[in-house]
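Colleague: I should like a close look at one part of this model, namely the parallel strands and the elements that connect them. Please describe how that part is put together, and then place it in the wider chain.

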Amino acid sequence: MTEAVNNDEAPLHKRRVRYKGKNPRRFDEKYKEHDPEHYAKDVAKIIQSGKTPAGMHRSICVQEILQVLEPRPGQIVLDATLGYGGHARELLSRITPGGCLWGIDVDPIEIKRAEARLRTSGYTQEELQVRRINFAGVLKILSEVGGGFDLILADLGVSSMQLDDPGRGFTFKREGPLDLRLNPERGQPASALLQSLSEKDFENMLRVNADEPYAHGIAKSVFKCRKPIVTTTALADAVRRALPRTVDDEEERTRSIRRTFQALRIAVNDEFFVLEQFLKNLPMCLNSDGRAAILTFHSGEDDRVVRSFKQGLESGVYADMGREPIRASRQEQYDNPRSKSAILRWVQRGKKGRV
Ligand SMILES: C[S@@+](CC[C@H](N)C(=O)[O-])C[C@H]1O[C@@H](n2cnc3c(N)ncnc32)[C@H](O)[C@@H]1O
């Protein structure tokens with residue numbers, strides 16, 4: 001253990017968090033996983049065991065995305081969901097020298113870490129530009145970019161870092177505030193949204209945002225609680241109590257809890273509206289013959305992407321699109337269960353001027 005040395009030359013080290021038992025269990029105790037540069041071997045072991053280390057995100061469908069986008073040196077690329085920066089790193093290594101990647105993300109906490117990680121690989125300001133904005137407002141940076149993008153990638157949803165940190169409220173496995181905001185500096189947390197809804201509105205939200213089959217019972221159970229639900233575990237308990245006795249399989253119960261969190265997350269971050277805005281603006285952001293790839297994780301997202309791509313193809317804005325959904329390989333689905341629900345779609349812009 002590194003002891004803190006109190007002199008002017010040496011940096012002050014924080015005492016490592018102590019944990020009970022052989023392995024750390026809590027997110028903030030997993031100091032090795034939060035520092036993969038120093039603990040590469042330990043982190044590799046965790047990945048080999050099929051888990052994602054805390055504070056890290058394993059990029060999904062990397063090879064499939066590279067095949068679809070075919071990045072080349074000199075290209076101007078938008079990563080609309082920078083996240084951990086995993087896809088961005090792969091794209092950067094193929095578009096440099098001469099190219100530039102614009103990485104945007106709505107999360108003010110993780111975006112700083114992602115940029116710092118990518119800068120340690122030596123990417124300059126000319127090669128990498130990072131902005132904290134919502135992809136719904138991507139048109140705002142077009143004048144700065146000085147034209148459109150040759151390639152655009154959007155990997156929708158949340159990162160593992162956001163999911164695993166109990167303080168962000170995305171996980172029901174640990175107690176935390178029921179927040180679920182991708183940008184915790186804006187808007188209202190899920191707990192406040194929940195209090196502002198009627199039981200009927202919440203039931204509809206569960207159906208529309210997550211196709212939850214037990215929406216009626218869950219809404220009833222949540223609104224029966226005497227105290228307002230303000231923590232992740234309290235919401236998970238309310239969902240469990242609502243499920244009929246016939247749902248005796250823990251996996252099925254977990255699926256209902258996951259869908260309830262998904263429905264609230266979509267509402268809190270207005271995810272369908274911002275995706276529709278992004279899809280509407282996409283042709284204006286792409287250069288002639290430019291390509292966009294979008295990775296979705298549930299039918300609410302995928303349906304919107306397919307509808308928009310088909311409309312663009314019919315109107316002549318797009319010249320081509322992938323007809324079949326592309327999925328993660330069997331091996332990837334086995335290695336990283338989070339890739340199981342991923343669907344990759346792509347589209348190619350026609351000649352510019354037909355938006
Ligand atoms: C699945 S992660 C991306 C992971 C990334 N592709 C990688 O390889 O590390 C999704 C990211 O998109 C961001 N995000 C979600 N909705 C967004 C939006 N409307 N605008 C900008 N970023 C968004 C989230 O904050 C999160 O960091």
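Modeller: I begin with a single pair of residues: Ile76 stands opposite Cys100, which belongs to strand 2. The model is a predicted one, and the description that follows should be read accordingly. The pair Ile76 and Cys100 belongs to a wider pairing, in which strand 1 and strand 2 (residues 100-104) run in the parallel sense over 4 bridges. Between these two strands the chain passes through helix 3 (residues 86-95), and the resulting β-α-β crossover is right-handed.

Strand 1 covers residues 76-79, and its side chains alternate: Ile76 and Leu78 point one way, while Val77 and Asp79 point the other way. Both sets are buried, Asp79 included. Strand 1 also pairs with strand 4 (residues 149-155), again in the parallel sense, here over 3 bridges. Within that pairing, Leu78 has Ile152 of strand 4 as its bridge partner.

Strand 4 also contains Phe149. This residue counts as buried because 27 other C-beta atoms lie within 10 Å, the threshold being 20 or more. Setting aside neighbours within four places in sequence, Phe149 is in contact with Ile76, Val77 and Leu78 of strand 1, and also with Cys285, Leu286, Asn287 and Gly290. A further relation across the sequence concerns Pro283: this residue is 134 residues from Phe149 along the chain, yet the two C-alpha atoms are separated by 10.0 Å.

I return to strand 2 and its other partner. Strand 2 and strand 3 pair in the parallel sense over 4 bridges, and Leu101 has Leu128 as its bridge partner in strand 3. The connection is made by helix 4: strand 2, helix 4 and strand 3 form a right-handed β-α-β unit. Strand 3 (residues 128-131) has two unlike faces, a covered one with Leu128 and Val130 and an uncovered one with Gln129 and Arg131.

Helix 4 spans residues 108-119 and includes Leu118. Leu118 is classed as buried because it has 21 C-beta neighbours inside 10 Å. Apart from residues up to four places away in sequence, Leu118 touches Gly85, Ala88, Arg89, Tyr123 and Leu128. Of these, Ala88 and Arg89 fall within helix 3, and Leu128 lies on the covered face of strand 3. Leu118 and Leu128 are 10 residues apart along the chain, with their C-alpha atoms separated by 8.5 Å.

As for the ligand, 22 residues surround it, and those that come nearest are Ser59, Thr81, Gly83, Tyr84 and Gly86. Gly86 is also a residue of helix 3, the helix of the crossover from strand 1 to strand 2. By class, the shell around the ligand comprises 8 nonpolar, 10 polar and 4 charged residues.

Elsewhere in the chain, helix 9 (residues 215-224) has Ala215, Ile218, Ala219 and Val222 buried. These residues lie on the same side of helix 9 because they cover an arc of only 100° around the axis. The buried residues of helix 9 pack against helix 8 (199-210), helix 10 (232-242) and helix 11 (250-268).

The protein as a whole has 14 helices and 7 strands. Of its 355 residues, 41% are buried. Among contacts with a separation of 6 or more, 66% join residues 24 or more positions apart.

Note on methods: Residues are numbered from 1 along each chain as its sequence is written. This is a predicted model: local features need pLDDT of at least 70, side-chain atom pairs count only at pLDDT 80 or more; totals for chains, interfaces and linings use all residues. A residue is buried if 20 or more other C-beta atoms lie within 10 Å of its own, exposed if 12 or fewer, and partly exposed in between; C-beta atoms are placed from the backbone. Two strands pair if DSSP finds at least two bridges between them. A crossover is right-handed if, with the strands pointing away from the viewer, the path from the first strand over the helix to the second runs clockwise. A residue is near a molecule or strand if its C-beta atom, placed from the backbone, lies within 6 Å of it. Ala, Val, Leu, Ile, Met, Phe, Trp, Tyr, Cys and Pro count as nonpolar, Asp, Glu, Lys and Arg as charged, and the others, Gly among them, as polar. The arc is that of the directions from the helix axis to the C-beta atoms. Two residues are in contact if their C-beta atoms, placed from the backbone, lie within 7 Å.
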